[in-house]
Amino acid sequence: NKVIKEKKPNTILEIGSGVSTIISSYSLKKNGFGKIISLDHNEKYAEITRNEIQKHNLEKYANIIYSPLKNYKNFKWYDLSYVENIDSIDMLVIDGPPIKIGRNARYPAIPLLLDKLSKNAIILLDDANRSNEKATIENWKKQYDCFEFYYIDNEKGLCLIKKIK
């Protein structure tokens, strides 16, 4: 939320909905603009988050979408047909899918969404101290020279990734 306050993103795409969706929506409300689109592959969790957003009267700032996982060439990830109309993502928050989907389950986020990231996009990868996420970060570092990576040591670890070109 500090990042939302500082960077003032117009469009946030969040992978995995929950409490963070509500907190981010409040931050957008404080900024007076912006929208968070949150994809969840679990219909039950999407509905829970949607209900919480309504309880807090934050529908203007958040849109929770049930997006089942689908097969891509080499991996399984969220069905992005639900967000085809998004032209520019200013902030990408990756907090899904869960590890049970498979090794490096969060890796597809950058390859699938790279073309939609705005010039100065910020990416937040949650659970960055887990071995799978560390491997994902290393893969991204090898494959993409358009990012700077910063590790933030908190309870689960957070990787802040800045698009630099």
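# Why do we call it that?

Visitor: Why is Cys 159 called buried?
Guide: Cys 159 has a relative accessible area of 3%. Buried means under 20%, exposed means over 50%, and partly exposed is in between (1.4 Å probe, protein chains only). So Cys 159, at 3%, is buried. Before we go on, this is a predicted model, where local features need pLDDT of at least 70 and side-chain atom pairs count only at pLDDT 80 or more, while totals for chains, interfaces and linings use all residues. Residues are numbered from 1 along each chain as its sequence is written, and side-chain values use heavy atoms, with hydrogens and water left out.

Visitor: How many disulfides does the rule give?
Guide: Zero. Cys 146 is in no disulfide, and its nearest cysteine sulfur, in Cys 159, is 13 Å away. A disulfide is a pair of cysteine sulfur atoms within 2.5 Å, so the 13 Å from Cys 159 to Cys 146 is too far for a bond.

Visitor: And what makes Cys 146 buried?
Guide: Its relative accessibility is 10%, so Cys 146 counts as buried.

Visitor: What makes Glu 155 exposed?
Guide: Glu 155 is at 76% relative accessibility, so it counts as exposed. You'll find Glu 155 in the loop between strand E8 (147-152) and strand E9 (158-163). Those labels are DSSP runs numbered from the N terminus: helices (H or I) have at least four residues, strands (E) at least two.

Visitor: How far is the C-alpha atom of Glu 155 from that of Asn 129?
Guide: The two C-alpha atoms are separated by 8.7 Å, though Glu 155 and Asn 129 are 26 residues apart along the chain.

Visitor: Why is Lys 8 called partly exposed?
Guide: Lys 8 has a relative accessible area of 43%, so partly exposed is the right label. Lys 8 sits in the loop between helix H1 (2-7) and strand E1 (11-15). Its phi is near 50 degrees, a positive value in a residue other than glycine.

Visitor: What about Asn 104: buried or exposed?
Guide: Buried, because its relative accessibility is 18%. Asn 104 also has a positive phi, about 55 degrees, although it is not a glycine. Look for Asn 104 in the loop between strand E6 (89-94) and helix H4 (109-113). Pro 97 lies in that loop between E6 and H4 too, and the peptide bond from Gly 96 to Pro 97 is cis, with omega near 0 degrees.

Visitor: What makes Thr 136 buried, and which residues is it in contact with?
Guide: Thr 136 is at 1% relative accessibility, so buried it is. Thr 136 belongs to helix H5. Setting aside neighbours within four places in sequence, Thr 136 is in contact (heavy atoms within 4.5 Å) with Asn 104, Arg 106 and Tyr 107.

Visitor: Why does Asp 127 count as buried?
Guide: Because Asp 127 has 6% relative accessibility. Asp 127 is in the loop between E7 and helix H5 (131-143). Beyond its neighbours within four places in sequence, the contacts of Asp 127 include Arg 106, Glu 133 and Lys 156.

Visitor: Which residues have the most contacts inside the largest nonpolar core?
Guide: Leu 13, Leu 92, Trp 140 and Phe 147, in a core of 32 residues. Strand E7 (residues 117-126) gives the most to this core, with four residues. Apart from it lies another core, of 18 residues, among them Val 3, Ala 46, Leu 58 and Val 93. A nonpolar core is a set of buried Ala, Val, Leu, Ile, Met, Phe, Trp, Tyr and Cys residues joined through side-chain atoms within 4.5 Å.

Visitor: How much space lies in the largest pocket?
Guide: About 480 Å³. Of its 21 lining residues, the closest to the centre are Asn 1, Ser 20, Val 93, Leu 124 and Leu 158. H2 gives the most to this lining, with four residues. A pocket is an open set of points on a 1 Å grid over the protein atoms alone, where a 1.4 Å probe fits, with protein on both sides within 12 Å along at least five of seven lines; lining residues have an atom within 4 Å of a point.

Visitor: And the second largest pocket, how much space lies there?
Guide: About 220 Å³. Among its 13 lining residues, those closest to the centre are Asp 40, His 41, Tyr 45, Asp 95 and Pro 98. A volume here is the space filled by probe spheres set on the points, which are joined across faces, edges and corners.
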